Amino acid sequence: MAKKKKSSSSKSKMVYYFGKTRTDGDGSMKQLLGGKGANLAEMTSIGLPVPPGFTITTECCGQYYKEKQKLPTGLMDEVNAAVAILEKENGKKFGDTNNPLLVSVRSGAALSMPGMMNTILNLGLNDESVVGLANDTGNERFAYDAYRRLINMYGDVVMEVHHEYFEEAFSKIKKKYGVDLDTEVPTKGLIELVAEYKKVYKKHTKQEFPQDPIKQLELAIEAVFKSWNSDKAISYRRIEGITGLVGTGVNVQSMVFGNMGEDSGTGVAFTRNPSTGENKFYGEFLVNAQGEDVVAGIRTPQPVAEMPKWKCDADKTIGKKVHAELMAIKTKLEKHYKDVQDIEFTIERGKLYMLQTRTGKRTGAAAVRIACEMVKEKLITEKTAVLRIPPNDLTQLLLPSFDPAAKKKEKPLTIGLPASPGAAFGMLAFTADEAVERAHNGEKVLLVRKETSPEDVDGMHSAAGILTSTGGMTSHAAVVARGWGKCCVAGAGAIEIDEKGRKIKVGGKTYTHKDVLSIDGSTGEVYGGELATVEPKLSGDFETVMKLSDKYRKLGIRTNADSPADSKRARDFGAEGIGLCRTEHMFFEPERIIHMREMILAEEKEAREAALKKLLPYQRKDFEGIFKAMKGLPVTIRLLDPPLHEFLPHDAKSQAEVSKATGITTAKIKNRVAQLHEANPMLGHRGCRLSVTYPEILVMQVTAITEATISCLKKKIDAQPEIMIPLVGTVNELSMLRKIAEETIEDVKAKKKFDGKLPILIGTMIEIPRAALTADEVATEADFFSFGTNDLTQMTFGYSRDDINSFLPDYLGEEILEKDPFQSLDTTGVGQLVSIAVEKGRATNGKLKLGICGEHGGDPASIAFCHKVGLNYVSCSPFRVPIARLAAAQAALKDA
Ligand code: PEP
Ligand code: MG
């Protein structure tokens, strides 16, 4: 953010009003007003029934932190002026003994952080205005209930008085009146409770509960600013990768009450189903309740579809009317925002108010369906549809689901709400901390809780899935899980959870922390044990999105695969070739590893060649299988890359076994292992260096490739191999090895009496900074470059790719690094080397084909970079192919 001088920043407007008489902001001002504030202004402008109020800017929160946690000068003057307008519009006065103005104070950052920051309701009540509220509503009980809630919330949120102290006082009153439920406490009891709460407040804050509403407001605003840097908010931002925001906005809004009786209520809804994407208004409401009751999952709400049945003494058609109004609002909102909205509403004595709208978080499946249907409905264009789906969310559509055959055999223990789709199984964990710890120790766990709260996010994130026994489709667990694409079943009421005993009871059975359950987030079913899963397919709307992506992308998409099965899967997902076939994986099967070891242990070239000869048929078969699976698409085969010690056993027992199998003495084996030991094997005898020392390895592999190609061509199977030489640092390595490879190809052709042209390209990986810097030279010997950005990142940063986790958390925590450079390409440093190599390579070889095959080839941000520097293709693991297709299309559309 640009630095501003103190004087100029204090002059910039800090408070934006929204109401009947004026509306200062609009929906485009999310950065400044926060998402909630910007949308309250926007909804007001398009004529929706929004209680008036004002928003304090996010910049103000930033300023608060800059000024060592002091409210910026002039802020309260602007707040006072806005309150004056609010009073005028409402015809109510703050703190009035008759019909007082009450407000809610809520946080709202530019990006949604559900439940992470503070909310205070009923602000403006004091010993006098509570009487005014009682008179105005004719409901004394309601007024004192509102007042005790304020003192509790205010004490808890603003003054950090532990909620427990208020609970204790409440329990005493309930005991005194012999009742169990809050709602059963008589008015007299609530009046006493207010007095008790004030005592609790005074005892723990050493101050009286503030009676001046403006003072209450000032402290509440500060508390919201403070909550921006609470542990849970920081943790949420870290998990969600939210960076670069200055702070939260504060929304001060006239209160409306959903708990004024049977003609009032509150609810939350999505304009379409956020789980499946179905175009059906989808929400829940509670009669006679406040908003927090729905989100907290304390009472299980009713679906909005049932609303028309809602009747009350005063109005028999209240439900029908409100439902119709909501339906009209759905259409208006979607037409206006051209996207699914997630709304909060309150009905006060039959009148509907909108309290919030925001873009609805949705699962990957919903994102795909909604995008396709909105194109059909002509709400959005094809391009918008492609741009709108977060590529990584497609992962959820590529996850396995439970095998229907396996499900048929089992009876579910219970069925809860299908809160977030997917199939998950794991051992039961009962607290967030337990889930974090056990997941950290490599266990797969399901987090089982009555309900979740924002404090649980770390545990929810660590768990394979989430199962709750209360709460609806819009409870905290459901909303957060859907946002992450994590499988969740909510409100499975039949489950009795014994958190302390670490067990649950369901369907007459008991399951402990050592037992496994399976949950199906698409149906809500809960099963005992681990159910079998099946692989996903591209079809329906998913296929449509893929076709649209292909229409707009410029980058080719290949895959990293080294077996016919993986190759086929990738092809089915739309891969246009193999960008990296790692041949070393092919040597680990039992009957092969033995020959590989013979080869490595051989002392003479002849013995090495004899062992390689035994490996050759296996390799040829591997390649034939892959060429067949790829049916004419290019297949880039990388020659042996890892240091040889990786193929030898290091413990005495395994060495004895190898000795028995090969007839080589254990002493010799030990000796060879010691010989191959290197201090820095990743910088040692690996990659093309192996072929320089032992050209016979290259000869065997190139022979296998050539023979497989000829064999396929003879069977009319189009084979398009590309031989890739790894870890080249100087052109001389490549020219030496290219020459041997070309000679080998000619030898095979002669032996096989094949005189046609063989379409075999020879190229190299760019994994060493020197190769990138001298790409003009290297390109004279290469038909293609493939950027091996795993090694290139390792060698550019000097971070071991296998050991980065020992210090990465510190680097991310201290913001030395913004992200893990092995996951998302460091475009500034490593990317610069890529750009240089692209430019220099093409300068000396205009026909040079360019691709990337490091892990970054499947990362949307890195794919955008690859598009920008003009690579021909990206190559990624089979399951990331659809993600790469979409990300490549987005990169092209953003660039257009
Ligand atoms: C790379 O280094 O980016 C690469 C693809 O090769 P490997 O991961 O096998 O070292
Ligand atoms: Mg590499």
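**Exercise 1. Asp791 and the metal**

Decide whether Asp791 is buried or exposed, then find its partner at the magnesium ion in this predicted model.

*Solution.*
Step 1. Asp791 has a relative accessible area of 2%. The cut-off for buried is under 20%, so Asp791 is buried.
Step 2. Now look at the magnesium ion, ligand 2: its protein donors are Glu767, through OE, and Asp791, through OD, at 1.9 to 2.0 Å.
Step 3. Place the two donors on the chain. Asp791 sits in helix α30, whereas Glu767 belongs to the loop between β30 (761-766) and α28 (769-773). With their positions 24 residues apart, the pair links distant parts of the chain.
Step 4. Check the partner's cover too. Glu767 also has a relative accessible area of 2%, so Glu767 is buried.

**Exercise 2. The surroundings of ligand 1**

Work out which residues come nearest to ligand 1 and which elements give two or more residues to its shell.

*Solution.*
Step 1. Start with the neighbours: there are 14 residues around ligand 1, and those that come nearest are Arg582, Arg638, Gly788, Asn790 and Arg801.
Step 2. Sort the shell by class. You should get seven charged, four polar and three nonpolar residues.
Step 3. Turn to the polar contacts made by oxygen atoms of ligand 1. An N or O atom in the side chain of Arg582 is 2.8 Å from one such oxygen, and a polar side-chain atom of Arg801 is 2.7 Å from an oxygen of the ligand. Asp791, which we met at the metal, takes part here through a polar backbone atom, 2.9 Å from a ligand oxygen.
Step 4. Consider the cover. On its own, ligand 1 has 290 Å² of accessible area, and the protein covers 96% of it.
Step 5. Assign the elements. Two or more shell residues come from each of β27 (578-582) and α30 (789-797). Helix α30 gives the largest share, three residues.

**Exercise 3. Lys176 and an annotated domain**

Find the element that holds Lys176, and say how far Lys176 is from Asn39 in space.

*Solution.*
Step 1. Lys176 lies in helix α7, which spans residues 163-176.
Step 2. Its relative accessible area is 56%; exposed means over 50%, so Lys176 is exposed.
Step 3. From C-alpha to C-alpha, Lys176 and Asn39 are 46 Å apart, with a sequence separation of 137 residues.
Step 4. Add the record: an unreviewed UniProt entry annotates residues 31-68, 70-304 and 318-378 as "domain: Pyruvate phosphate dikinase AMP/ATP-binding".
Step 5. Describe two of these spans. Residues 31-68 are 63% helix and 11% strand, with end C-alpha atoms 22 Å apart. Residues 318-378 are 54% helix and 28% strand, with end C-alpha atoms 34 Å apart.

Terms used: Residues numbered from 1 in each chain as written. Chains lettered and ligands numbered in written order. Predicted model: local features only at pLDDT ≥ 70, side-chain atom pairs only at ≥ 80, totals over all residues. Heavy atoms only, no water. Near = heavy atom within 4 Å. Polar contact = N/O pair within 3.5 Å; in protein donor to acceptor, adjacent residues only side chain to side chain. Areas by Shrake-Rupley, 256 points an atom, 1.4 Å probe, with all protein chains shown as cover. Helix = DSSP H or I, 4+ residues; strand = E, 2+ residues; numbered from the N terminus. Nonpolar A, V, L, I, M, F, W, Y, C, P; charged D, E, K, R; others polar. Donors = N, O, S within 2.8 Å, 3.2 Å for Na, K, Ca; no water. Buried < 20%, exposed > 50% of the residue type's maximum accessible area, 1.4 Å probe, protein only. UniProt positions renumbered as here; feature names shortened; annotations may be inferred.
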